[in-house]
Amino acid sequence: MRKKILVIGSQGQIGVELVERLRQLNGAENVIASDVKDLKKNEQTGIYESLNVLDPKRLHEVVKTHQINEIYLLAALLSATAEKNPAFAWELNMNGLFNVLNLAKEGLISKIYWPSSIAVFGPTTPKINTPQYTVMEPNTVYGISKQAGERWCEYYVKKFNVDVRSLRYPGLIGWKSEPGGGTTDYAVQIFHDAIHRGNFECFLSENTVLPMMYMQDAIKATVEIMQADPEKIKIRSGYNLSGCSFSPKEISDEIRNFIPEFKITYKPDFRQGIADSWPQSIDDSRSKIDWGWKPDFGLKELTAEMFTNLRSKKIKKTTFLN
């Protein structure tokens, strides 16, 4: 059967790059991007549908129109944003998932990708080399919704034989889209501010170590887990996934290799409490054993990639405007 893929939440941090990669692999005509935004024609590349995942009738319509058989559900309210609007975060993060799971239950689609997060862990979780199976007592709306989502994914697999696959993403760092409202997004904004301003005010303290991953690795992992044979996917809640771990101080030191005069100041806000409840490093050995996961980027490599691409992006933009 030919793959016909729908990406929900295609305009977000992950979605922008995932759509691009999926179109390279499957053909642009076989990957439909969708988001709540009503994009103008000159803003679109490839097939695009305006879609609110909370509208099951519209979702069903898009799936039937394009004969979709795989869905990547990326639409969600992230950690920091969710704390400002808990009721809507719960509605979007949970009911959106149910709407997609039920399509598979009804036999309308055959495979689902749904991202989980290190936010499923909490202050009682072991922080160093956090195991796949461990204490999970999240204290954020985002984390609670992701933990509940993991349990529901497992339930639909066991009860209705739905093929749903999931990764617990760490903080993601990419250059093709703006930060999306997450606690780890300081590690994206810091590059923009370093290039454009030469300084950065960080909302986390200097020694707050968190698990991070370059976006190219995250896209690679997402594609690989979806391409893996079903019998290799032993965990149907969410696989631990790791790239590298670092603190704001450590990433600022790397940035000074490119901008020696770069300055960083620290003004922790409510996001510090969220970061303090999360792991510092992740044990992703089950991902490596079950479906062959291996990251390509450490802190040094991702820093070099961010500078190369953001500076190139800046030059292209300036040339266009002139």
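This is a tour of the sheets, one helix and the aromatic contacts of a predicted model. Local features are given only at pLDDT of at least 70 and side-chain atom pairs only at pLDDT 80 or more, while totals for chains, interfaces and linings use all residues. Residues are numbered from 1 along each chain as its sequence is written, and side-chain values use heavy atoms, with hydrogens and water left out.

**Six-stranded sheet**

Start with strands 3, 2, 1, 4, 5 and 7, which form an open sheet in the order 3-2-1-4-5-7 with parallel pairing. Strands (E, at least two residues) and helices (H or I, at least four residues) are DSSP runs numbered from the N terminus, and two strands pair if DSSP finds at least two bridges between them. Strand 3 (48–50) and strand 7 (164–165) are at the edges; each has a single partner strand, so one side of each is left without a neighbour in the sheet.

Select strand 4 (residues 70–73) and strand 5 (residues 111–113), which pair in the parallel sense over three bridges. Tyr 72 has Tyr 113 in strand 5 as its bridge partner.

Add helix 2 (residues 56–65), which packs on the sheet and touches strand 1 (5–8), strand 3 and strand 4. Contact means heavy atoms within 4.5 Å. The direction of helix 2 makes about 150° with that of strand 1; axes are lines fitted to C-alpha atoms, for helices over the stretch in contact, and angles run from 0 to 180 degrees between N-to-C directions. Helix 7 lies across strand 4, strand 5 and strand 7, at about 160° to strand 5.

**Three-stranded sheet**

Keep helix 7 (residues 215–227) on screen: it also lies across strand 8 and strand 12, running at about 170° to strand 8. Strands 6, 8 and 12 form an open sheet in the order 6-8-12, with parallel pairing. Its edge strands are strand 6 (116–117) and strand 12, each pairing on one side only. Two bridges join strand 8 (residues 167–169) to strand 12, and Arg 168 stands opposite Asn 240 in strand 12.

**Helix 4**

Next select helix 4 (residues 86–105). Its 20 residues should span 28 Å at 1.5 Å a residue, and its end C-alpha atoms are 28 Å apart, which agrees; the expected span is 1.5 Å times one less than the number of residues. Buried residues (under 20% relative accessible area, 1.4 Å probe, protein chains only) in helix 4 include Ala 89, Leu 92, Leu 97, Val 100 and Ala 104. Just after helix 4, Gly 107 takes a positive phi of about 80°.

**Aromatic contacts**

Now show the rings. The whole structure has 14 aromatic pairs, that is, rings of Phe, Tyr and Trp (its six-membered ring) with centres within 6.5 Å; planes under 30 degrees apart count as stacked, over 60 as edge-to-face and the rest as tilted.

- Tyr 214 and Phe 297 are a tilted pair, 4.7 Å centre to centre with 55° between the planes. Tyr 214 is in strand 11 (residues 210–214) and Phe 297 in the loop between helix 10 (285–291) and helix 11 (299–321), 83 residues apart.
- Tyr 239 and Trp 291 are edge-to-face, at 5.9 Å and 80°. Tyr 239 lies in strand 12 (residues 239–240) and Trp 291 in helix 10, so the pair ties together parts 52 residues apart in sequence.
- Phe 98, Trp 152, Tyr 155, Tyr 156 and Phe 160 form one aromatic cluster.

Finish with Lys 105, which lies over the face of Phe 160 at 4.6 Å from the ring centre. A charge sits over a ring if NZ of Lys or CZ of Arg is within 6 Å of the ring centre and within 35 degrees of the ring normal.

Conventions. Buried means under 20% relative accessible area, exposed over 50%, partly exposed in between (1.4 Å probe, protein chains only).
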